[in-house]
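Subject: Handing over a structure, with notes on what was found

Dear colleague,

I am passing this structure on to you, and I would be glad if you looked through it before reading my notes. The sequence and the coordinates come first, and the notes come after.

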Amino acid sequence: PAEYASKWLPIANAFYGPEKMRVALVLKTLDTTQNRLPQDLRKLPFDHPRVIKRLNALLTWMFTQIPDLRLTSLSLGNEVDGVLGKDTKRWGAYTRLFNAAREHVRKVHPDLPLSVTVMYDGIVDPKKAPLAKTLYEQADIVLLTYDPLGKSQIRPVAHLREVFRELTTRYSKKPIHFG
């Protein structure tokens, strides 16, 4: 607990920093179907003070590893709806964790767009959509993944018109990024 190490952050800083390439960084606290928080924190609610304190400490450490890296955005979770499901209590706790982390990051990087990544299907699912929308109201941008596979078949390209119409209707005031 509270010991941080990464060989990839210094490598990214050394490679992308001098090239002045911009990078989108995803911190996979939740990752599609897995809660990737440290083992000692997994049974705690996401908004527990220990979880918030540790995530903020990780973010502080992480930024020391990438001083030259120019970030386009920071996502504090990948496809979080896969873990949160339709559980309103867990979505609420994760949104509060996101807000605490956002407030912490703002002190060092006030202009860095923060968000989490949600699957497209989570954005349009009638049970998950309002939960995702509440979280995205706190975010700077809408980050999502889109899987062209429908129920056992590839969706037609024309489906993308519906996807873009749906996204721009729901999130007309925020930039939308696909991951």
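What follows is an account of the sheet, some aromatic and charged side chains, and two residues with an uncommon backbone angle.

Please keep in mind from the start that this is a predicted model.

The sheet

A good place to begin is the open sheet, in which three strands are arranged in the order β1-β4-β5 with parallel pairing. Its edge strands are β1 and β5, the latter covering residues 114-115, and each of these pairs on one side only. Strand β1 runs parallel to β4 (residues 70-75), and the two are joined by five bridges; within this pairing, Arg22 has Arg70 of β4 as its bridge partner. On the β5 side, β4 is again paired in the parallel sense, here over two bridges, and Leu74 is the residue that stands opposite Leu114 in β5.

As general background, side chains in a regular strand alternate between the two faces of the sheet. Strand β1, which spans residues 22-26, shows this alternation: Val23 and Leu25 point to one face and are buried, whereas Arg22, Ala24 and Val26 point to the other face and are not buried.

Helix α4 and its surroundings

Two residues of helix α4 deserve a look, and I take Thr95 before Tyr94. Thr95 has its place in α4, which covers residues 88-108, and it counts as buried because its relative accessibility is 9%, where the cut-off for buried is under 20%. If one leaves aside the neighbours within four places in sequence, Thr95 is in contact with Leu135 and Gln138.

Tyr94 belongs to one of the six aromatic pairs that were counted. Its partner is Phe46, and the arrangement is edge-to-face, with 5.3 Å from centre to centre and 90 degrees between the planes. Because Phe46 lies in the loop between β3 (34-35) and α2 (49-65) while Tyr94 lies in helix α4, the pair ties together parts that are 48 residues apart in sequence. Both partners count as buried, Phe46 at 5% relative accessibility and Tyr94 at 1%.

A ring also takes part in a contact with a charge elsewhere in the model, where Lys133 lies over the face of Tyr171 at 5.2 Å from the ring centre.

Salt bridges

The structure holds nine salt bridges, of which I describe some here. In one of them the side chains of Arg50 and Asp40 meet at 3.9 Å, N to O; Arg50 sits in helix α2 and Asp40 in the loop between β3 and α2, so that this pair, 10 residues apart, links distant parts of the chain. Arg50 is partly exposed, with a relative accessible area of 42%, and Asp40 is partly exposed as well, with 33%. These two residues also belong to a network of salt bridges that links Asp40, Arg50 and Arg54.

Another salt bridge is formed where the side chains of Lys86 and Asp125 meet, at 3.9 Å from N to O. Lys86 lies in the loop between α3 (81-84) and α4, and Asp125 in the loop between α5 (120-124) and α6 (129-138), so this pair ties together parts that are 39 residues apart in sequence. Lys86 counts as partly exposed, at 49% relative accessibility.

The salt bridge between Arg170 and Glu166, by contrast, lies within a helix: its closest N and O atoms are 2.5 Å apart, and because the two residues are four apart in helix α7 (residues 159-170), about one helical turn separates them. Arg170 is partly exposed, with a relative accessible area of 27%, and so is Glu166, with 24%.

Two positive phi values

Most residues other than glycine have a negative phi, and I therefore set out two exceptions in this model. Thr32, although not a glycine, has a positive phi of about 60 degrees; it lies in the loop between β2 (30-31) and β3 and is partly exposed, with a relative accessible area of 24%. Glu79, in the loop between β4 and α3, has a positive phi near 50 degrees, and at 15% relative accessibility Glu79 counts as buried.

With kind regards

Definitions and conventions. Residues are numbered from 1 along each chain as its sequence is written. This is a predicted model: local features need pLDDT of at least 70, side-chain atom pairs count only at pLDDT 80 or more; totals for chains, interfaces and linings use all residues. Side-chain values use heavy atoms; hydrogens and water are left out. Buried means under 20% relative accessible area, exposed over 50%, partly exposed in between (1.4 Å probe, protein chains only). Two strands pair if DSSP finds at least two bridges between them. Contact means heavy atoms within 4.5 Å. Rings of Phe, Tyr and Trp (its six-membered ring) pair if their centres lie within 6.5 Å; planes under 30 degrees apart count as stacked, over 60 as edge-to-face and the rest as tilted. A charge sits over a ring if NZ of Lys or CZ of Arg is within 6 Å of the ring centre and within 35 degrees of the ring normal. A salt bridge is a side-chain nitrogen of Lys or Arg within 4 Å of a carboxyl oxygen of Asp or Glu.
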